[in-house]
Amino acid sequence: MSEADPARAPAPAPAAGAVSAISEAAAARFLLRAQFSALDEDIRAVRDQGYRAWLDSQFASPRGQSGVDWLDSQGHNAVTAEGRYFWPQGGDFMAWNQLLAQPDQMRQRMAFALSQYFVISLNAIDGYWPPYIMAGWWGVLLDGAFGNFRTLLERVTLNAGMGMYLNTKGNLKENPATGRLPDENYAREVMQLFTIGLHRLEPDGTVARGADGRPIETYGQADVTNLARVFTGYDHDMSRVSHRNVAWQNFPVVSREFCLDPMRFDPDKHCNLAVSFLGCDIPAGTPGPDALRIALDHLFAHPNVGPFFGRQMIQRLVTSNPSPAYVRRVAAAFDDNGAGVRGDLKSVWRAVLTDAEALAPTDPADKLSGKLREPVVRFVSWARSVGIHSESGAFEMYDLSRSDTGLGQSPLRSPSVFNFYRPGYTPPHTAIAAAGRQAPEFQIHNETSAAGYINLLQWAIRWGVGDVKPTYAALLPIAHDLPAVVAWLNLHLAAGQLSPETCRTIETALASKGLTADAPDPHKLDLLASACLLVMSTPEYLVQK
Amino acid sequence: MSAIITTPITRRLMLKRAAQLGALGAAAPLAMNLAAMGEAAAAATSGEEDYKALVCIFLLGGNDHANTLVPYDVANYGRYLNIRGAISYRHDDLTPTLLAPRAPQALTDHLQYAFAPQLPRFKVLFDGGKMAVQLNVGPLVTPVTRAQYDGNNRALYPLPPKLFSHNDQTSVWQADGSEGATIGWGGRFGDLALSGNGHALLTCISAAGNAVFVSGENALQYQISPSGAIPVNPIRRPLYASDAIGEALHQLITQPRPHHHFENELSIVARRSIEMEGVVNGALRGVTMNTSFDLVPGANELADQMKIVARLIGARRALGSRRQIFFVSLGGFDTHSALALKHAELLTKVDEAVAAFYMATVELGVADKVTAFTASDFGRTLVNNGDGSDHGWGSHHFVIGGAVRGGRFYGTAPHISIDSDDQVGQGRLLPSTATDQYAATLAHWFGVPDSALRTILPNIGNFNGANLGFLT
C-alpha cells in the first residue's frame, strides 16, 4: 500500500510536524500506536491535522471519568455485610472500563505503557478497598501521562498502592537495639526499574563500558542501604478517613480516602542518619520531605533516565529494537523539551511517535521490524474498533492473566514489579536471538498462551466477556460484502499490514458461509466474529509494524 | 502404565502407625504412606527401566531461608529470636517439626534445626530419608571469604553479577548469567538427552511459563498448562465459524513466514502447540494416578503444576521419554513485609505440593528416578526490617526423591549472626557452597558426563568437589 495518497496535494519529505499527505493506512498505523483504535473520524483527524497537531489536540482533550468516580457510580464504595470492601475484582472492572470505554484514549494508552514501567499489581494488594487503591494508582498514571516525569516520580513514590507494593508504607527508621534496618525494597527498585537501571548508559541507550570492556554498574548495595533511609517514616494517610462500626465485624470499616491520598510523613519514624548515594550527600537530620526531594531530584537528574525510560517507551509503543539514533532523539526530548524543561512527557511521546524511524514506511526487507502486539492491546483495540456495549455498565471483566484460559495478560495484574516481560528479553532458539535482537512480548508467548488466546478470542469476539458485548455497529450493514469487511478490518485493526494473499484466504473462507444481505443479524455476527478471529490470529496482524 | 502400590495394610498395623504418627497432624497420612511404601518397596520396584527426571521448584522472589529452616537449640534459637524479633517463630511452635537426622551430625555452633511449622510433610520426608538439606548455597564464581568480598581485588575474587537483584539472580541461578541469558543448565542437561527421547520437544518442560532454566543450546522449552496441552479449539470445533474457517485459521497461524522473523516465530510456536497437543493429551489420557494433590481444590498453583508434571512422568512410556527436565514455580516470596503471614501461606503450599508429588512418584513406581530440588532468587537478610526481610544471597535448599541420601544436612551451617564472617551484613549469607556444585551434583545423578560439566558449569573447576553427595 502506498504511503502517499495521490489524491492529496503532494508534500515535501514527511518531516515530523509538518502537515503532510498522510495515507489512511499511515494514519491508522500512527493511531494504533498513539492509542488503541483507529476509527474513521480519528483517521480523518490525523490526515487533516498532521501528526503533531493531532497529538497536541489529544494533550488538550478533556479527561474521561476517573476510575474512582466510576467505582463510586457502580456502587463499589458500598459498605455491605458481605465485605465487598475487601474484594479485589472491582479493580479489574475499573481497569477494563478505563481502557475499553473512557474517551481520553491516548492518555489511557500512555498510562498503560507507564503501568508497565512503574509497576504495581492488584495481585499483591489486600486489605480495605483494593479497587480504590488501583483506581488511585491509575489516576496517578493518567494525571502524569502528559505531565513531567519528576512530578510523576514523586507521586509514584508516595502513592498508597506503591507504598503497599514496594513497602514504603510502614517503613521504619533503624533500631540499633534490635538491629532492624529500613526496608530496602523501594530504594532498590526505584533505581533499578524506575529511573536509572543497572548500567551506565550512553545517550543513545547502549551500555557504556569501562576501560576493562565491561558494563559499568550504576549503584551498589551501599547506595541501596543509604537511599533506603530516605523512604522511612511514611504510611497511609488516615487523616480524612472515617471509621464506621458495623454489626457484622468487631472492628470498624474505614472509608476509602487513604487509597487516594499520598502517603503521610511521620518524622518520629524517619531515619535521620546521613545518606550518601550515587555521589549525593544528604546530611544527617535533614527533614524527611527535604531528603525525599533531594534524593528524587538527584535520581531524576541522572543522565541515564532519558535513554533508560525513552527506550522502554519506544518498545511499548513502536518497536522492540529501536536504533540507537532513535533512542538518542527520544532521550534528547526527555532531557530538554525545546524550552529548557527536562522530563516533559508530552515531548517524549512526540519524539517516540513522530520520529522519522517510526513514521518511515515498513521496510519489507527488514525481518525484525515492529513488535509483538500485547494481548491486552489486541483485545482493547478490537473492542474499541468494532464497538462494545455493557448493558449493566458493570464491566464485569475479571483477571485474564491465565495463559491457558485467558489472555495471558491483564491490566494492572503484572506477576511482579518486573512487569509481564523484561525489556531485554530474547526468545531463545529463534532467528531473533540469532540476530542478537529483543522481543519482550515473546516472554509471555508460548504453546499454551498461543492456543489459549485464540480460544478466548473465539468466544469473546462473538459473545463478549461478562456483560461487555460487541456491537459491530459499523460492520453489520456491510457484513455480506466480504472484500469490504476484510478491508475494513485490515485498515482499522492492522493498519493495512495484512498481505493481499492473507486477505484472499480470509475472504475465501468467509465466502463458505454464503451470507446474503438479508441474512438475520446473528448470522452476520457469526461471520463478523469469524473474520475477526482470522485477522486477529494471523501473525501479520500480531506483529505490529 | 503405573505401578500402584497395592500391598494390603492390616487394620492393626494402621492403628499402630497412626498412634506413632499422631503428633504429626496434617502430615500423618504421608508418614503412614511412607512407612507402607518402605515395606512394599521390594514388591514395587520399577525394575531396570531407564528413566530419570529432574524437577526444579523455583521459589520466586527470594525465599526467606531463616524462617524455612529455623534454629531450634536454645542458644541458636535465642540468637535468631534476638535478631529477627517480631518475625520469629515461637519456640514451642517449632517442636513438632524439629528435624531428626538419620545419624548424628555436628553442625556449626551445635545447631539443631526445625522446619517452619507449616512444613510437617517436609519433616516426614527428611526424617524418612527422602529429603536432603543443602545449607547455605548460592551463586559464586570462585570461593570467597568475607575479607575477599570486602576487598577490591575483583580480578582474583570475582563476584556473581548483580547480587541482590531479583531478575538477575533468578537468571544467575538458572543460567549462570544475569538477565538476558538464553541458555539454562537444565536446558544444557536436556541437550545431552534429546536423542534418547521419543519426542525431543518433551525433554525440557515448563509448567510455569517461559523460564531460561529449561532452555538449552538445542533443547527447546515446551510449555504445559496444569490441565495438559491446550488445543486450538476453533480448528477442531469451529462453533459459529465453519470447517472452512477452521482450516483457514490453521493455515494462517502455521504457514512458514520467512519474510519476517517475529511472524515466523509465531508460526513455529503455533505449529509446535498444535502438533504436540494431540501427542501429549493422548498420552496423558492413558495415565492413572490416584495421589491427591487437591487438598483445597484450585488453591495451590504449585500443586497444580507438580500434578501435571507427575502425570507427564506417568505418560513417559507412551511418549518414549527417558530423560526429562521440568520447571515449576511459585511466586510471592519477596517478603519485605507481612512476612509471618505471607511466608507461612507460601510454605504450606510448598509442603503440600512437594509431598503430594513425592507420593505420586512412589505411586508411579519412579520415586528413585525422579529428583526434585528447590531454587530461589536468593536468601534474605536475617535482620528484620519491620515486619519482613530484605534481599540476600546464600540460602538453604531442599532435594527430594527416592534417590536422595536424605535425612541429613550437606554443606556448612552458617552462624546465626549478623557480624560473623559467613555473612556480608544484616545476615545476608555468603554462600559456602556454590550453585554450580549443587547443579553438578544433580548433573552427576542425571547422567551428565563429567567431561560435559565444565562447559555447562564453567566455574565448577574453581570449587573443591563437584559432587556434594546428596544423591546416590
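A:Glu441 and A:Arg316 form a salt bridge, and their closest N and O atoms are 2.8 Å apart. The two residues sit in distant parts of the chain, 125 residues apart. A:Glu441 lies in the loop between helix H19 (431–434) and helix H20 (447–463) of chain A, and A:Arg316 lies in helix H14 (residues 305–317) of chain A. Both A:Glu441 and A:Arg316 are buried. Please keep in mind that this is a predicted model.

That pair belongs to a longer list. How many salt bridges does a search of the whole structure find? Over all chains, the search gives 44 salt bridges. I will go through two from chain B.

The first pair is B:Asp50 with B:Arg322, where the closest N and O atoms are 2.7 Å apart. This pair also links distant parts of its chain, with the two positions 272 residues apart in numbering. B:Asp50 is in the loop between helix H2 (28–44) and strand E1 (52–59) of chain B. B:Arg322 is in the loop between helix H13 (316–319) and strand E7 (323–330) of chain B. Are these residues buried, exposed or partly exposed? B:Asp50 has 35% relative accessibility, so it counts as partly exposed. B:Arg322 has 39%, so it counts as partly exposed too.

The next pair is B:Asp351 with B:Arg121, with 2.9 Å between the closest N and O atoms. B:Asp351 is in helix H14 (residues 339–363) of chain B, B:Arg121 is in helix H5 (residues 120–127) of chain B, and they are 230 residues apart. B:Asp351 counts as buried because its relative accessibility is 0%. B:Arg121, at 11%, counts as buried as well.

Salt bridges can also share partners. In chain A, A:Arg63, A:Asp104, A:Asp143 and A:Arg155 are joined in this way into one network.

Now the two chains as wholes, starting with chain A. Chain A has 24 helices and 10 strands. Its radius of gyration is 25 Å, and a compact globule of 545 residues would have one near 24 Å, so the two agree. The C-alpha atoms of chain A fill a box of roughly 80 × 70 × 45 Å along the principal axes. Of its 545 residues, 62% count as buried. If we take contacts in chain A between residues at least 6 apart in sequence, 73% of them join residues at least 24 apart.

Chain B has 16 helices and 11 strands. Its radius of gyration is 23 Å, close to the 23 Å that the globule rule gives for 472 residues, so chain B is as compact as a globular protein of that length. Its C-alpha atoms fill a box of roughly 75 × 65 × 45 Å, again along the principal axes. Buried residues make up 61% of the 472 residues. Among contacts in chain B between residues at least 6 apart in sequence, 74% join residues at least 24 apart.

That leaves the place where the chains meet. The size of an interface is often given as the accessible area lost when the parts come together. What is the area buried between chain B and chain A? The value is about 5800 Å², and carbon and sulfur atoms give 60% of it. In chain B, the residues that lose the most area to chain A are B:Tyr240, B:Phe262 and B:Leu266, together 16% of what that side buries. In terms of contacts, 68 residues of chain B touch 76 residues of chain A.

The rule finds 5 salt bridges across this interface. One salt bridge between the chains is B:Arg272 with A:Glu447, with the closest N and O atoms 2.7 Å apart. There are also 36 residue pairs in polar contact across the interface, counting pairs with both residues at pLDDT 80 or more.

Which elements of chain B touch chain A? Those giving two or more residues include helix H3 (74–84), helix H7 (166–175), strand E6 (221–223) and helix H11 (261–285) of chain B. H11(B) gives the largest share, 9 residues. By class, this side of chain B has 27 nonpolar, 29 polar and 12 charged residues.

I will finish with one residue, B:Asn233, which is in helix H9 of chain B. B:Asn233 is buried, because its relative accessible area is 17% and the cut-off for buried is under 20%. Leaving out residues up to four places away in sequence, B:Asn233 touches A:Asn455, A:Gln458 and B:Pro238.

Conventions
Residues are numbered from 1 along each chain as its sequence is written. Chains are lettered from A and ligands numbered from 1 in the order in which they are written. This is a predicted model: local features need pLDDT of at least 70, side-chain atom pairs count only at pLDDT 80 or more; totals for chains, interfaces and linings use all residues. Side-chain values use heavy atoms; hydrogens and water are left out. Contact means heavy atoms within 4.5 Å. Buried area is the accessible area (1.4 Å probe) that two parts lose on being put together, summed over both. A salt bridge is a side-chain nitrogen of Lys or Arg within 4 Å of a carboxyl oxygen of Asp or Glu. A polar contact is a pair of N or O atoms within 3.5 Å; within protein, one must be able to donate a hydrogen and the other to accept it, and residues adjacent in sequence count only if both atoms are side-chain atoms. Helices (H or I, at least four residues) and strands (E, at least two) are DSSP runs, numbered from the N terminus. Ala, Val, Leu, Ile, Met, Phe, Trp, Tyr, Cys and Pro count as nonpolar, Asp, Glu, Lys and Arg as charged, and the others, Gly among them, as polar. The radius of gyration is taken over C-alpha atoms; the globule rule is 2.2 Å times the number of residues to the power 0.38. Buried means under 20% relative accessible area, exposed over 50%, partly exposed in between (1.4 Å probe, protein chains only).
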